[in-house]
Amino acid sequence: MKLRTYLFLLVAVALLPALIFSVFMLTAQQKQEFATLERGMRDTARALTGALDREFLASIQALKILAASDHLDKGRLSEFYGEMTRSLAAYGPTWQNITLSDRTGQQLINLRLPFGSPLPRRAPELTEQNLRTGEAFVSDLFRGPVTAAPSVVVTVPVLRDGEVKYLLRAGFAAA
């Protein structure tokens, strides 16, 4: 063999361990960065989940206070419409809308429309869940019947004499 071949082999043998070490270190660093990124995303998801849970619990409590209105006991829905309007304004940009439905899911009040407007019937699966449990409920993401925008709804059953008389809902924009 020629001298040039020996020199080439000598350089290759000398650089090969450095090349292998570099590939190993880059792979290890990439795995570590991915693990750090994954951990950060998991921590962010936990923090967001906690914040959403707190917001939903606060909304449930606010709706329970609104559901205690005497206007509902006396069937004065036009006066209750005013209370709902003031509650929506007081709760700020968190709530996009408040609705009141009867046991069948027929909306009686929807703050997106003037009082007395014809209103849609609510999705039966949401109504059945509340009637069955009698508990507050946070929906999955769905399209609103009036705006067709993606929404999440917190529903509080309005109990009178131990039975669900109305369903009071606050809508959150999905964004």
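**Exercise 1. Place V164 and say whether V164 is buried or exposed.**

Solution. Start with the secondary structure: V164 sits in strand β6, where helices (H or I, at least four residues) and strands (E, at least two) are DSSP runs, numbered from the N terminus. Next, take the accessibility. V164 has a relative accessible area of 7%, and buried means under 20%, exposed over 50% and partly exposed in between (1.4 Å probe, protein chains only). V164 is therefore buried. Finally, look along the chain: I60 is 104 residues away from V164, and their C-alpha atoms are separated by 16 Å.

A note before going on: this is a predicted model, in which local features need pLDDT of at least 70 and side-chain atom pairs count only at pLDDT 80 or more, while totals for chains, interfaces and linings use all residues. Residues are numbered from 1 along each chain as its sequence is written, and side-chain values use heavy atoms, with hydrogens and water left out.

**Exercise 2. Check the span of helix α3 and find what its buried residues pack against.**

Solution. First, the length. The expected span is 1.5 Å times one less than the number of residues, so the 14 residues of α3 (residues 77–90) should cover 20 Å; the end C-alpha atoms lie 19 Å apart, which agrees. Second, the buried positions: these include L77, F80, Y81, G82, M84 and L88. Third, their partners, with contact meaning heavy atoms within 4.5 Å: the buried residues of α3 pack against α1 (3–67), α2 (70–73), β1 (97–102), β2 (107–110) and β6 (163–173). After the helix comes G92, with a positive phi near 80°.

**Exercise 3. Find the salt bridges and describe the setting of each pair.**

Solution. Apply the rule: a side-chain nitrogen of Lys or Arg within 4 Å of a carboxyl oxygen of Asp or Glu. The count comes to two.

- D43 and R46 meet at 3.4 Å, N to O. Both belong to helix α1, three residues apart, about one turn of the helix. D43 is partly exposed at 42% relative accessible area, and R46 is exposed at 55%.
- D73 pairs with R160, their closest N and O atoms being 2.2 Å apart. This pair links distant parts of the chain, with D73 in helix α2 and R160 in strand β5 (residues 150–160), 87 residues apart. D73 is partly exposed, at 41%.

**Exercise 4. Which residue other than glycine has a positive phi near 55°?**

Solution. Begin with the background: most residues other than glycine have a negative phi. D161 has the positive value, near 55°. Now locate D161: the loop between β5 and β6. Its relative accessible area is 82%, so D161 is exposed.

**Exercise 5. Where does A68 lie, and how far apart in space are A68 and V158?**

Solution. A68 lies in the loop between α1 and α2. With a relative accessible area of 52%, A68 is exposed. From A68 to V158 there are 90 residues in sequence and 7.8 Å in space, C-alpha to C-alpha.
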